[in-house]
Amino acid sequence: MTILQNSGLTLRPVQPEDTRAFEAFYSDPEVMAIRKYGVLGKQAARSQVQGMLDHWAKHGFGMWVVEDGITHEFAGECGLRWLEDGSDVELSYGLYPQFRGRGLATEVARAAICFGVEVLGLQRIVALSRGDNAKSHRVLEKLGMTLEWRKKKGLHGLVQYCFLSSEHASSTLS
Ligand SMILES: CC(C)(COP(=O)(O)OP(=O)(O)OC[C@H]1O[C@@H](n2cnc3c(N)ncnc32)[C@H](O)[C@@H]1OP(=O)(O)O)[C@@H](O)C(=O)NCCC(=O)NCCS
């Protein structure tokens, strides 16, 4: 478990017992409407959780539950996972609205990138986001990621940002 110094949030691996919390999280339009998958029903949410558990079992890393370090309130998710085609490791994150606007997404995402670079030894981490998700793009820019491409996809398009460890001294990560 990682305890983040500034916010008191903790990151811990997703567990089967989190399924209900994820069903609620993934069905919340305020969390999901702007994400590339959109709002998910129960079945789709369960399959996402199973996918996250399988990823942890296969690769030894994956998505974390972000929670309040004291109350354990579920704040959201953040972590790293292989893209389906195995080409890159992707950074992914989302928070409930009451946890936003205080730099927390940037803090948890930075912890994920540090883990990827310093523990997993990754040289490259990507993040995919809907073309109109300006708030998320801002988070990615604050992390030192750069826009790699923009594609026409669906109504809103899709963008990919990239973090290259060679462009960042390790002291600038934490
Ligand atoms: C994207 C998200 C994680 C941001 O969470 P957050 O905790 O508010 O993020 P932070 O506070 O760390 O940073 C947000 C930044 O966006 C800026 N911002 C806010 N609204 C914005 C807007 N409409 N356009 C551009 N930037 C905006 C903030 O000012 C801040 O930048 P600053 O520090 O330079 O002022 C949150 O809105 C969320 O969970 N959204 C739904 C899920 C999602 O989109 N996930 C990412 C894609 S998979």
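**Strand β5 and its surroundings**

V89 sits across from I125 in strand β6. That match belongs to a parallel pairing of β5 with β6 (residues 124–130), which extends over two bridges; strands are said to pair here when DSSP finds at least two bridges between them. Between the two, the chain goes from β5 by way of helix α4 (residues 104–119) to β6, and this β-α-β crossover is right-handed (that is, with the strands pointing away from the viewer, the path from the first strand over the helix to the second runs clockwise). Helices (H or I, at least four residues) and strands (E, at least two) are taken as DSSP runs and numbered from the N terminus.

A word on the model itself. It is a predicted one, with local features needing pLDDT of at least 70 and side-chain atom pairs counting only at pLDDT 80 or more, while totals for chains, interfaces and linings use all residues. Residues are numbered from 1 along each chain as its sequence is written, and side-chain values use heavy atoms, with hydrogens and water left out.

Back to β5, which spans residues 89–95 and is mostly covered, with seven of its seven residues buried. Buried stands for under 20% relative accessible area, exposed for over 50%, and partly exposed for anything in between (1.4 Å probe, protein chains only). V89, L91, Y93 and L95 point one way from the strand, whereas E90, S92 and G94 point the other way; all are buried.

On another edge of the picture comes β4 (residues 74–82), which pairs with β5 in the antiparallel sense over seven bridges. Here G79 is the residue opposite S92. The two strands make a hairpin with six residues between them, and G86 in the turn has a positive phi of about 75 degrees. R81, also in β4, counts as buried at 13% relative accessibility. The side chain of R81 reaches that of S92 through a polar contact of 3.3 Å, a polar contact being a pair of N or O atoms within 3.5 Å; within protein, one must be able to donate a hydrogen and the other to accept it, and residues adjacent in sequence count only if both atoms are side-chain atoms. Neighbours within four places in sequence aside, R81 is in contact (heavy atoms within 4.5 Å) with Q48, M52, H55, F61, M63, D88, V89, E90 and S92.

What about β6? Six of its seven residues are buried, so β6 is largely enclosed by the rest of the structure. V126 in β6 is the bridge partner of E90, and V126 also stands opposite C162 in β8. Strand β8 (residues 158–164) runs antiparallel to β6, with seven bridges joining them.

Two other spots deserve a look. H72, in the loop between β3 (63–68) and β4, has a positive phi of about 65 degrees even though it is not a glycine. Most residues other than glycine have a negative phi. H72 is partly exposed, at 46% relative accessibility. Then there is E23 in helix α1 (residues 19–26), which is buried with a relative accessible area of 12%. The side chains of E23 and R46 are joined by a polar contact of 2.7 Å. Beyond its neighbours within four places in sequence, E23 is in contact with K42 and A45 as well as R46.

Zooming out, the chain has five helices and eight strands, running β-β-α-α-α-β-β-β-α-β-α-β-β from the N terminus on. For 174 residues, a compact globule would have a radius of gyration near 16 Å, and the 15 Å of this chain agrees with that; the radius is taken over C-alpha atoms, and the globule rule is 2.2 Å times the number of residues to the power 0.38. Along the principal axes, the C-alpha atoms fill a box of roughly 40 × 40 × 35 Å. Of the 174 residues, 49% count as buried. Among contacts with a separation of 6 or more, 58% come from residues 24 or more positions apart. About 9,200 Å² of the chain is exposed, with carbon and sulfur atoms supplying 52% of it; accessible areas come from the Shrake-Rupley method with a 1.4 Å probe, and for residues only the protein chains shown count as cover.
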